[in-house]
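Biologist: Please take one part of this model and go through it closely with me. I would be glad to have the cut-offs spelled out along the way.

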Number of protein chains: 2
Amino acid sequence: MLTKITGGITAPQGFKAAGVHAGIKKNGIEDIGIIYSTVPTAAAAKFTTNKMVAAPVLVSREAVSQGKVRAIVVNSGCANACTGNQGLTDARTMAHKTAELLNLNDYEVLVASTGVIGVPLPMDKVTAGISQAAAALSENGYEAMLSAIMTTDTFPKSCAYEFTLGGKPCKIAGIAKGAGMIHPNMATMLSFITTDVAIAPDLLNQALSQAVELSYNMISVDGDTSTNDTVAVLANGQAGNKLIAAAGSQDYQEFYSALQTVCTELAQLVVRDGEGATKFLEINVTGAAHFADAKCAAMAIAKSPLVKTAFFGQDPNWGRILCAVGYSGAKTQLDKTSLAIGDLTIVVDGHGVAGFETAKLKEIMAAKDIAITVNLGQGEAAATVWTCDFSYEYVKINGEYTT
Amino acid sequence: MLTKITGGITAPQGFKAAGVHAGIKKNGIEDIGIIYSTVPTAAAAKFTTNKMVAAPVLVSREAVSQGKVRAIVVNSGCANACTGNQGLTDARTMAHKTAELLNLNDYEVLVASTGVIGVPLPMDKVTAGISQAAAALSENGYEAMLSAIMTTDTFPKSCAYEFTLGGKPCKIAGIAKGAGMIHPNMATMLSFITTDVAIAPDLLNQALSQAVELSYNMISVDGDTSTNDTVAVLANGQAGNKLIAAAGSQDYQEFYSALQTVCTELAQLVVRDGEGATKFLEINVTGAAHFADAKCAAMAIAKSPLVKTAFFGQDPNWGRILCAVGYSGAKTQLDKTSLAIGDLTIVVDGHGVAGFETAKLKEIMAAKDIAITVNLGQGEAAATVWTCDFSYEYVKINGEYTT
């Protein structure tokens, strides 16, 4: 049983956070943040699959391979990507400076950056900011930390839950940032999760892999996968539960379920805050031969600019949905395919249902949240993807990002 | 030597055309067209790879397999896609009606449709229109025919050339329509090419395959591949040249070069008329290990909404270009990658050139035609893709298409 609680990422015991304005972002809001566990942790993280990987990801991959990350240092306003050797040195300096201040080893610090690509970090501001943030670490610093990871986000994304394992109260909490370059494999998505559960590092990694696959990897805002994506979880065992050491155990299942809930909630918040988004679209593909088919058909719909602009314009041009399924690469046959928008069946066996109520469809499309369901008629596998529409505002935000 | 001529698709000898308003489109302009060769032809055609293939494509695939198409009948305003068995019957009726009027076999007629998906054809209007168009066929009907294939196109797309084979003057001409759902494998792209050259059917097919691969399959407006794409060429031999019967011959090479020129010119016109386009972007990827890598990297750039909106906004956010290359799947390493926009080098060995002139870059991005060149540093293969930017107008056109 999960209960929603307040307190953000410092709600789990033994975590502190801070966020400060170091002057990297021009708008005066926080741009350097630190999350810190006062005790050793098990840690796991997943990173972007983009080959043009940013310097902080290279540094963090190394750190996480030791499984002992206790601090996360992050800046917004500059992605430190495509910055060559200098960028790598700068990312290492961020880790080292943080480690020094918190009396940790460099490999106990994970580094993340988000913002414009191709610009070097202003390291004097960054190191000063890290000093300031380290000094400010507290159990009340989670809101400032949350501000420090935001770029074009229009609202902070955070959630926290309590549950019990063997009678011990446990907590898990997470934060995330969007809001552009969001596509499977985590896009310019940063997400950090804290929990006071005691869990073996390999099981934590296994749980995170599965939870990411069904949450962050099932969302798309614009089809662009960024250079900096990072999702990390720190588990410090302060809840005092019996160490979760077997994947088949009831405790593992309950922890996984909590982690999955946090990841899905944050992933959906990222989509709701997609750049310029006016609609939240849930795309269900059922009746697929395999999960991979269901996911690729759902993703093709989610990525189609024609589908996304039609939903923005509330234009009942449903043929574009089947069209996207047709080029997705999924195993599919037109005459076995059906489509519903909301609870209205539009297509059966590949052709439009004669005389379906256009007025009803327009009413469904006028809502903010819309479900699209495609049944491929090929098997039993299914996948759900979340996306948003494409609006004038998306074009505006992304035509003027650096200027 | 190719010389540009006037006269459109009826410039080659032995071709007639007509276009009439049958009432399928609401705006009173032509919506049924016919192209007709007065003598037998060799014919070849390529169709969409979308699995949700439209009824006219199913019918035309059968017809073209005989290689003797003499007439093309096309309607705009309704795609006759996702229309089930009735759609298939309707497409066959269009072919049969045309064949009857022109005293042909059904398999000598190619059928094409473009417009909204999922709506049945108003067959009474269609058959009346076909009768009217067949009666109106003439050597001056090419402009009306060209109007009849347009949907959201803002200008007609046509070109015609003369060249000589063995001293005989030969002509080749083509028309095309765009302008949304344009992506490799020909999208909602209809293109019809006429020539009076005498060529063996298998060689005509070979030439068309290669020309399409390097023209229509190298453009992207929005990443959506449609249900109805068709490009067809009819060669009726009326120029009196010696039959082209060997792929290695000089005559074949000259014909191929003319065909390639027509296809590339029309494909580029389709991009220039991309829905809402304000920029024409030529994306060159060089230094690739294989053509497939070069093409997939170029296509990832061409499809990226973040790149396309940045060019619309003239925002020098070049990191998005490398980011797209990074997730494209092409073999690539950041530290071997270079990037130029226009003649300005921006990135060398994966990192931004220190102090490149931002003012110069903004000047380049202010132009209507912009070349982007990425060198992957992996090998000798290259590919060029053409695309356009993403504007407010794209969102507007596609949010209001059917309403």
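Modeller: With pleasure; what follows is a close look at one sheet and its surroundings.

This is a predicted model, in which local features need pLDDT of at least 70 and side-chain atom pairs count only at pLDDT 80 or more, while totals for chains, interfaces and linings use all residues. Residues are numbered from 1 along each chain as its sequence is written, chains are lettered from A and ligands numbered from 1 in the order in which they are written, and side-chain values use heavy atoms, leaving out hydrogens and water.

In chain B, seven strands make an open sheet of mixed pairing, in the order 10-17-12-16-13-14-15. Strand 10 (219-220) and strand 15 (351-352) of chain B each have a single partner strand, so one side of each edge strand has no neighbour in the sheet. Helices (H or I, at least four residues) and strands (E, at least two) are DSSP runs numbered from the N terminus, and two strands pair if DSSP finds at least two bridges between them. Strands of a sheet pair through backbone hydrogen bonds, either parallel or antiparallel.

At one edge, strand 14 (residues 344-348) of chain B meets strand 15 of chain B in the antiparallel sense, over two bridges. There, B:Val347 has B:Gly352 in strand 15 of chain B as its bridge partner. Helix 10 (residues 358-366) of chain B packs on the sheet, touching strand 13 (338-341), strand 14 and strand 16 of chain B; contact means heavy atoms within 4.5 Å. Its direction makes about 115° with that of strand 14 of chain B. Axes are lines fitted to C-alpha atoms, for helices over the stretch in contact, and angles run from 0 to 180 degrees between N-to-C directions.

Helix 6 (residues 250-272) of chain B lies across strand 10, strand 12 (280-288), strand 16 (369-375) and strand 17 (381-388) of chain B, at about 45° to strand 17 of chain B.

In the loop between strand 17 and helix 11 (392-399) of chain B sits B:Phe390, which is buried at a relative accessible area of 4%. Buried means under 20% relative accessible area (1.4 Å probe, protein chains only). A:Phe390 is buried as well, at 3%. Over all chains there is one aromatic pair: A:Phe390 and B:Phe390 meet edge-to-face, 5.9 Å centre to centre and with 85° between the planes. Rings pair if their centres lie within 6.5 Å, and planes over 60 degrees apart count as edge-to-face.

Note on methods:
Rings of Phe, Tyr and Trp (its six-membered ring) pair if their centres lie within 6.5 Å; planes under 30 degrees apart count as stacked, over 60 as edge-to-face and the rest as tilted. Buried means under 20% relative accessible area, exposed over 50%, partly exposed in between (1.4 Å probe, protein chains only).
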